[in-house]
Amino acid sequence: MNATRSFQVLVIGGGINGAGVARDLALRGVRVALVEKKDFGSGTTWASSGMIHGGLRYLQQDPEVTYHSCLDSGAIQRIAPQLVFRIPFLMPVFPEDPIGPELMEIGLEMYDRYQPLKNGRPHTRLSREQALRLEPALSPRIDCAFTLDEWGVDASRLVALNALDAAERGAEVHTHCEVLSLLREGGSGRVRGARVRDFVRGDELDLEAEVTLNATGPWAPALAALAGVELRLRPGKGIHLVFERRVSDVAIYARGVDGRDMFTFPHEQNSMAGTTDDDFYGDLDRVDVVEDEVRYVLQAMERSIPGIRRHRVIHSIAGVRPTLWGFGAYEDELSRDYEVLDHAARDGVSGFYSLVGGKLAAYRLMAEDASDRLCAELGVDAPCRTATAPLPGGASTPDVAEIARRFGVGWPAAVRLVFRHGDRAERVLAAVPAPRTLCDCEPLLDAELAHVARREGVRTLTDCALRVRLGVGGCQGAACAGAAGEVLARELGWDAERTAAEVAEFAAERWRAVAPILTGPQLPAMEIHRAVHRGSRPWSAPPPGATSRP
Amino acid sequence: MTAVVIGGGLAGVAAALTLAERGAEVTLVRAGPGATALGWGAVDVAGASPDPGGLPWRDPVRGEPLSPAERLGFLLRSRPAHPYAALFPEGDPQRAVRAAKDAAVALDAWLRPEGLGLGGGLDATVLLANVRGALRVADLATADVAAGDVGSAESIVLADVPGLPGYDPRAAARLLAGELAALGLPARPIRVAPLALPDALRAEASRPARLAAALDAPDAAPLLAQAVAPLAAREGLILLPPVVGLARTLPLLAAASERAGCRVAELLGAPPWSPAGMRLDRALLAALARAGVSLVQGRALALGVEGDRVTAVELERADGGRERLAARAVVLATGRFSGGGLVESGDRVRESLLDLPVYDDRGRRLDGEPARRSLRRRYADPQPLFSGGIRVDGRLRAVGADGRPAQANVLAAGELVGGFDPAICRTGLGFALLSGRRAGEEASRLVAEAASA
Ligand SMILES: Cc1cc2nc3c(=O)[nH]c(=O)nc-3n(C[C@H](O)[C@H](O)[C@H](O)COP(=O)(O)OP(=O)(O)OC[C@H]3O[C@@H](n4cnc5c(N)ncnc54)[C@H](O)[C@@H]3O)c2cc1C
Ligand SMILES: Cc1cc2nc3c(=O)[nH]c(=O)nc-3n(C[C@H](O)[C@H](O)[C@H](O)COP(=O)(O)OP(=O)(O)OC[C@H]3O[C@@H](n4cnc5c(N)ncnc54)[C@H](O)[C@@H]3O)c2cc1C
């Protein structure tokens, strides 16, 4: 037991919402601490589709959600222009579809009205021939297709940038620190911060705060229970399958047997397909993809893209939406709205708030709302600046060609770096004398790893899957995890044993994402993965499975 | 009428060369490189592993380090599912050691003309460091790395090649020291010293394959020797990263060693880049050509069966053409998933050519269900799927579901034969070599029988 530190606000949970609030408060000059039990965005946010859209889907039940998401999407584009990308969607219409082209057109016209909020283009209607020419992977059975304009973002990078900006503006951020209990005045009075366990250092610390915010997403009920507060969500599990390459250049809508909308969309050099939405009652720390979900998604995709099964599924991502409680509705029909709960008014527990529900696309607005409430309680009177102040790297867009030339890196590596780091790309490249790519799957540079270890608070090799997309391609870390471990070892001063243990843990973590969906085309890659990670393990590394982290 | 070998990894090549040595007419059909081309340089007959499921390095009771022959004996006694049991049914380790020694001599002779060779042996364990500094407790290895036995070196110098990706000799030196300690071996000086290559060569260092190719140039040997010489340590060992040529590795090392006056060897490779497998693969293909084995680049699609035997192999050549080869005997050496011998199709695991039954190392059938069914969630757990393969009888005939030879003249060798997980029970290339030779012998007998019938 050691150091106690004091803040005005303690934010618990480093998903997009917690990181968003921490940044908002830091920008207002509030002394804030942010704690995350794993790494930034490793919860629901990593599992999201990363669409900062209005959600055509919510237009009927929840036009408010659509409006706010579109509005906030526009703001996110302003503050992180480097990190957003346009995702043109194709919506095929099949002869048997219950909603024919005419009805569809009406819905899309409604959505078009929101498009200007997020710099989107109006929809267009394509003939069968036009659609097939645009996307030959599409089923020839279609009647026609519509185009729809949306925006995507690298969701875990967005979380990291919010946390980073918070830190650069004076917030204290802790990853791998889990809140074990809340500090209470006189044992059961006002919430006064939390006791956290640092799983990397293996010690505990007390973070005292005047106000504590529970932003733990689907874990919010468990965290609220630490204060004796009952908080109900209707958690909905969703999965994505990740393909080794791009299945299509544009995103394509697909319909499940139950009529649900899904889609496949390009992300970096992969494509992702999803998602599902099923009530979830299991262990939030072990959300595994099950076979039924894989079949359900592939079946839906196959209708739109008949050749989809020829593509190699390399891994899967599963997460749980922190959906607000609702009874007697199907999962899809539940509101995507959010709530800021003041537990003093609601439950008689003062100094304690929860922020739950919502969408990635509206995170900034939610964070603003929550921050306004917290500032009111603190008596802080500073305006929100998150809609205009750029996130790190977002102030200007550097010239990719110039960077590639100056640092002697390939064009794809430079593009990737500018996408992720914006105007800080040069600073990243300067982190090592001669930047080199670590993997053939994706042009990840050792310089980026060194940079995030040095400047962005990466603490474990496993963090790097989310932080820099290490080992999330076809090799799943067989080719790159060892070398990446050495880069981190240099930056973080790990000894050889710690490095070997980190590499082993990384391999095990990738296995967890692959094993549930491992099929034919990926089997050779995983055979090689084992030859690498089990077949050349050092003698001095701890035995497999002996890591202490949860 | 010939013998047809399907698969061009070490198992298939060993079978084909053995057939050719015995005067048989052989065709080898090969779809491409397999697991053999991915190795790091060790050719494990009975390599030890730190894994709980692997072969031990010390005698579990007496605590003494085990010799390779003792490890092989331990394996024959304790792992009845390992396919060495088919090669050595009487379980006599001495016989197995003799067979391994013979096979090692044969493999060495196949590799020598290509500037490669086999080193190490079954009498003493060699401790080989890889580019990360991790130690492999091995027996046979390609000669370039086998000469780098760390156990017998009083002092070690790791050559630093500035700019070479994936190689950090300082980190390797630290891990290596930890490895020696973990194995209970005495510490010894480990130094890192820069290899002063001429600028023209140094410029290639950022692309290891390019550096290796550049070192193959005729005038490179003295330059390398000159750069290595200053690193020399008496009674010592100089270890270079595995970039010493692609085709002339041994002569290059020999020149450097002579100049330095001490042993000069290569480190074992590690991902992302190791030339060892590629070199081995190349040298094996060259040996096939020298022995007059006809090589068909292509994929066998089906086997034509008449009565109780296979009479033909249907294949698609790499150029797209179809071909039907008449065969008196067939050797299946198609490897596992990365070779192509095992696939998952129709949502179940299967052997790719005859749909032979596939068993894991506990005797459970794997071919009735999808791969993911037999996967365990924890990476640290044993993964039965990766121990799986077909079974063979005592004459290496591939066995059907009834436990009897599936066909009278279909033999199998190498990793296609299941019963061990090569990542943990380190016997991959050793078994490929031994079973390939034996399958070649059996096949030549079948060809001779068919000819006299
Ligand atoms: C499959 C799927 C697809 C989605 N797609 C989209 C989309 O395209 N667009 C969109 O706008 N939204 C999408 N969403 C919704 C969106 O992802 C979520 O609304 C959002 O990510 C929730 O963020 P959060 O910060 O509230 O929760 P989380 O990201 O889960 O963050 C909570 C954090 O709290 C941490 N934590 C928990 N307990 C503790 C503790 N005791 N101590 C410390 N830390 C703790 C967790 O580790 C976690 O990182 C999707 C959701 C899913 C599941
Ligand atoms: C990354 C890695 C590292 C390894 N390191 C070591 C090591 O250090 N030491 C060690 O002893 N072992 C090691 N192993 C294991 C060892 O490589 C294998 O056990 C061994 O190479 C198997 O040889 P094989 O000839 O049976 O199969 P493979 O080498 O896989 O050869 C199979 C061949 O069959 C061909 N083929 C398949 N189907 C068809 C078809 N239908 N028609 C035509 N051809 C076909 C393939 O193209 C290929 O040529 C390693 C394995 C891997 C993957």
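User: How many residues surround ligand 2?

Analyst: This is a predicted model, where local features need pLDDT of at least 70, side-chain atom pairs count only at pLDDT 80 or more, and totals for chains, interfaces and linings use all residues. Residues are numbered from 1 along each chain as its sequence is written, chains are lettered from A and ligands numbered from 1 in the order written, and side-chain values use heavy atoms, with hydrogens and water left out. A residue is near the ligand if one of its heavy atoms lies within 4 Å of it. The closest ones include Gly32(B), Thr36(B) and Glu415(B), and the full count around ligand 2 is 34.

User: Between which chains does ligand 2 lie?

Analyst: Chain B supplies the closest residues, Ala300(B) among them. Still, the ligand's place is between two chains, namely A and B.

User: How far is a backbone N or O atom of Ala35(B) from an oxygen atom of ligand 2?

Analyst: Polar contacts here are pairs of N or O atoms within 3.5 Å (within protein, one must be able to donate a hydrogen and the other to accept it, and residues adjacent in sequence count only if both atoms are side-chain atoms). A backbone N or O of Leu10(B) sits 3.2 Å from a ligand oxygen, and for Ala333(B) that distance is 3.4 Å. For Ala35(B), it's 2.8 Å.

User: What percentage of the area that ligand 2 exposes when taken alone does the protein bury?

Analyst: Areas come from the Shrake-Rupley method with a 1.4 Å probe (for residues, only the protein chains shown count as cover). Taken alone, ligand 2 exposes 1000 Å², and the share buried by protein is 97%.

User: How many of the shell residues around ligand 2 are charged?

Analyst: Asp, Glu, Lys and Arg count as charged; Ala, Val, Leu, Ile, Met, Phe, Trp, Tyr, Cys and Pro as nonpolar; the others, Gly among them, as polar. The shell has 15 nonpolar and 14 polar residues, and the charged ones number five.

User: Over in chain A, which residue in β12(A) is the bridge partner of Ile252(A)?

Analyst: Strands are DSSP E runs of at least two residues, and helices H or I runs of at least four, numbered from the N terminus; two strands pair if DSSP finds at least two bridges between them. β11(A) pairs with β12 (residues 261–267) in the antiparallel sense over four bridges. The two form a hairpin with five residues between them, and Gly259(A) in the turn has a positive phi of about 90°. Opposite Ile252(A) in that pairing is Thr264(A).
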